[in-house]
Amino acid sequence: MRKLRLITRFYNGVFLINFLITLSCVYSMRHFGDDVYKIIGLLFWYKVISLILVFYITVYYRKNEQYYYQNLGVSKLQLGLTTSAFDFMLWLVFILVQLLIGIPAYVFNIVLWGVLLIYLYLYNK
């Protein structure tokens, strides 16, 4: 339970950028409409490459913070794999919802602004 709390603390720092990338994929799918099956592979690789880049940048710019997690028993590999797997599953859920149901524009905007406001509220706390 302690490791999960530490991983969650680490994920808070990269959540916003990963969530915005996920929402950009969903918006792109909504924009393409019936031709979405042509770009699904491109969106997959876009998400995978962005996950790798975000984790690399996070590790590079938060070197000192990595020692904090390592001293508490959580390695860089655990942080990277756990947060990337969770974020990819979140992306997959949003993509499947968009493919099967389709997210209307007003719901998309409510989710985007709601998450941004909640994140800003919790981040400034």
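What share of the 125 residues in the chain is buried? In this predicted model, buried residues make up 34% of the chain, and the views below take up its fold, its surface and one residue of a surface patch.

**View 1. The fold of the chain is built from five helices, with zero strands.** Read from the N terminus, the elements follow the order α-α-α-α-α, and the C-alpha atoms fill a box of roughly 50 × 30 × 25 Å when the principal axes are used as its directions. Of the contacts between residues at least 6 apart in sequence, 82% join residues that are at least 24 apart.

**View 2. The surface and the charged side chains of the chain.** About 8500 Å² of the chain is exposed, and 70% of this area is supplied by carbon and sulfur atoms. The chain carries 11 positive and 4 negative side chains, and a distance of 17 Å separates the centre of the positive set from that of the negative set.

**View 3. A nonpolar patch on the surface brings together Phe44, Trp45, Ile49, Leu53, Tyr56, Ile57, Tyr60 and Tyr61.** Together these residues have about 920 Å² of accessible area.

**View 4. Leu53, one of the residues of the nonpolar patch, is located in helix H2.** This helix spans residues 40-61. Leu53 counts as partly exposed because its relative accessibility is 47%, a value that falls between the limits of under 20% for buried and over 50% for exposed residues.

Methods. Residues are numbered from 1 along each chain as its sequence is written. This is a predicted model: local features need pLDDT of at least 70, side-chain atom pairs count only at pLDDT 80 or more; totals for chains, interfaces and linings use all residues. Side-chain values use heavy atoms; hydrogens and water are left out. Helices (H or I, at least four residues) and strands (E, at least two) are DSSP runs, numbered from the N terminus. Buried means under 20% relative accessible area, exposed over 50%, partly exposed in between (1.4 Å probe, protein chains only). Contact means heavy atoms within 4.5 Å. Accessible areas come from the Shrake-Rupley method with a 1.4 Å probe; for residues, only the protein chains shown count as cover. Lys and Arg count as positive and Asp and Glu as negative; His and the chain ends are not counted. The place of a charge is taken as NZ of Lys, CZ of Arg, CG of Asp or CD of Glu. Patches are made of residues with over 30% relative accessible area and no salt bridge: like charges are joined within 9 Å, nonpolar side chains (Val, Leu, Ile, Met, Phe, Trp, Tyr) within 5 Å. A salt bridge is a side-chain nitrogen of Lys or Arg within 4 Å of a carboxyl oxygen of Asp or Glu.
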